Amino acid sequence: AWGIICLSLAFAWQLYTIFILVRLHELVPGIRYSRYLQLAIVSFGPKLGKLLALFPVMYSSGGACVIMIINGGHILDLLFKTICDHEAICHVQSLTRTEWFLVFMCVAILVAQLPNLNSMVGVSLIGAITAIGYCTLIWVLSVTKGRPTDISYYQFDVAKSNMEKIRDKLNALGIIALAFKGHNLILEIQGTLPSNQRHTSYKPMCTGVTISYIVIAMCQYPLAIVGFWAYGNKVPISGGLLSAFSQIHGANISKLIMGSIYLLVLVNHLCAFQVYAMPAFDNLEMRYTTKKKKPCPKWVRTCLRIFFGGVTFFVAVTVPFLGSLALLIGGMVLPMTFAYPCFMWIAMKKPRPNGVVWSINLGLGCLGIVFSVLIVIAAAWTLADKGLNANFFRP
């Protein structure tokens with residue numbers, strides 16, 4: 001019950017901040033703020049805006065792509081072993097994890113030749129359909145197969161101190177909060193919609209956000225409820241419900257269904273890579289056009305995207321344990337989702353001080369900053385207590 005309450009509060013909170021960003025996109029007639037960093041600079045000033053928003057925006061794009069290469073390489077490995085029945089049928093040895101990373105990155109960069117977000121409607125649609133597909137398959141099959149007899153919904157270590165229990169609860173809240181990301185892309189997506197003084201992009205963007213988040217809720221809530229009911233404490237620390245499902249029910253599921261789930265996850269990661277990488281592509285192309293004073297040719301665009309893919313692949317191989325740092329680094333960028341939009345609203349809309357709107361936004365913004373600090377402290381405490389398998393260059 002507490003998990004669902006916290007998930008619902010986080011869902012409503014981040015949805016509120018999304019609508020703030022959608023409203024601020026065209027707050028000034030004739031000006032469209034299509035970049036999160038641009039809106040932060042206008043709201044907080046050039047120095048403070050860059051200081052607050054530059055790292056979160058860079059990590060949300062580049063870091064997400066690195067995580068997708070790591071996860072995508074792992075899914076490719078699982079898909080190969082599922083199809084080949086752990087090499088019993090194919091008699092071919094699986095690639096190393098680094099080689100799977102390279103395969104995923106090459107396919108992702110090959111797909112990433114679309115020029116901008118306007119041309120990525122089909123890719124986004126495929127990504128959404130595959131996400132709905134694998135989420136639905138996992139929770140429906142989990143219900144169908146039933147619960148293992150030895151699961152528990154309680155912690156085994158009853159000797160934990162109160163402070164350690166508080167740390168665990170903060171880590172759990174951090175995991176829930178990090179399920180919602182992508183605020184850095186909201187303004188860019190809205191920037192692709194047509195707009196004029198009579199018909200701005202506000203209403204169609206609100207409609208799109210509403211429909212998309214209804215679909216997201218239809219995926220997340222069944223997955224969270226059924227996942228907890230079906231697996232309880234059997235969910236591994238890394239890998240989530242997909243790992244729990246494959247470990248517990250994989251032997252009783254046909255290769256066709258398991259392979260389909262892995263394939264859907266893989267296609268979703270490839271599509272998501274394009275969307276999260278697009279701000280980085282745009283930034284690289286903007287720097288080229290600014291320096292050369294001419295449009296970016298197609299061959300230069302291709303080279304820049306190959307360069308970005310090479311950098312993210314190098315980081316994935318260098319720091320394959322980046323997922324273990326997700327709470328620590330993710331906690332640092334949480335204000336971009338839960339706090340900064342509230343402060344942007346106060347700075348740009350200038351509501352009446354001490355009024356209801358001013359108080360709500362100030363309260364949520366401050367709460368978001370405090371929440372972020374607590375998540376970072378809890379994550380750092382966990383790493384200091386349990387250690388970190390820092391397997392540099394050894395995926």
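At 49% relative accessibility, Phe228 counts as partly exposed, a label given to residues between the buried class (under 20% relative accessible area) and the exposed class (over 50%), with a 1.4 Å probe and protein chains only. The model behind this value is predicted, so local features need pLDDT of at least 70 and side-chain atom pairs count only at pLDDT 80 or more, while totals for chains, interfaces and linings use all residues. Residues are numbered from 1 along each chain as its sequence is written, and side-chain values use heavy atoms, with hydrogens and water left out.

Now for the rings. The structure holds 14 aromatic pairs, where rings of Phe, Tyr and Trp (its six-membered ring) pair if their centres lie within 6.5 Å, and planes under 30 degrees apart count as stacked, over 60 as edge-to-face and the rest as tilted. Take Phe55 and Tyr59: the ring centres sit 6.1 Å apart with the planes at 25°, so this pair is stacked. Both belong to helix H3 (residues 46-83), and being 4 residues apart there puts about one helical turn between Phe55 and Tyr59. Helices here are DSSP runs (H or I, at least four residues), strands are runs of E (at least two), and numbering starts from the N terminus. An α-helix has 3.6 residues a turn, so residues three or four places apart point the same way. Phe55 is partly exposed at 40% relative accessibility, whereas Tyr59 is buried at 17%.

Phe228 has an aromatic partner too. Tyr153 and Phe228 make a tilted pair, 4.9 Å centre to centre with 35° between the planes. Tyr153 lies in the loop between helix H5 (121-145) and helix H6 (162-177), and Phe228 in helix H8 (residues 202-231), so the pair ties together parts that are 75 residues apart in sequence. Like its partner, Tyr153 is partly exposed, with a relative accessible area of 30%. Elsewhere, Phe11, Phe180, Tyr213 and Tyr221 form one aromatic cluster.

As for the overall build, the protein has 15 helices and 0 strands. Its radius of gyration is 22 Å, close to the 21 Å that the globule rule gives for 395 residues, so the protein is as compact as a globular protein of that length; the radius is taken over C-alpha atoms, and the rule is 2.2 Å times the number of residues to the power 0.38. The C-alpha trace spans about 65 × 55 × 40 Å along its principal axes. Buried residues make up 45% of the 395. Among contacts (heavy atoms within 4.5 Å) with a separation of 6 or more, 78% come from residues 24 or more positions apart. The accessible surface comes to about 20,600 Å², 70% of it belonging to carbon and sulfur atoms, as worked out by the Shrake-Rupley method with a 1.4 Å probe, where only the protein chains shown count as cover for residues. On the charge side there are 31 positive and 13 negative side chains, and the centres of the two sets lie 14 Å apart. Lys and Arg count as positive and Asp and Glu as negative, leaving out His and the chain ends, and each charge is placed at NZ of Lys, CZ of Arg, CG of Asp or CD of Glu.

Several buried residues show how the helices come together. Ile75, in helix H3, is buried at 5% relative accessibility. Ile75 touches Leu242, Tyr262, Val265 and Leu266, setting aside residues up to four places away in sequence. From C-alpha to C-alpha, Ile75 and Tyr262 are 6.2 Å apart in space, though 187 residues apart in sequence. Tyr276 sits in helix H10 (residues 255-292) and is buried at 12%. Beyond its neighbours within four places in sequence, Tyr276 is in contact with eight residues named here in full: Ser60, Ser61, Ala64, Cys65, Met68, Lys181, Gly182 and Leu185.

Two serines are tucked away as well. Ser142, in helix H5, is buried at 1% relative accessibility, and its contacts outside the four-place window are Val226, Trp229, Ala230, Tyr231 and Phe245. Ser372 lies in helix H15 (residues 356-386), is buried at 6%, and touches Gly331, Met332, Leu334 and Pro335, again not counting residues up to four places away.

That leads to helix H12 (residues 326-333), where 6 of the 8 residues are buried, so H12 is largely enclosed by the rest of the structure. The buried residues are Leu327, Leu328, Ile329, Gly330, Gly331 and Val333, and they pack against H3, H6, helix H13 (335-338) and H15.
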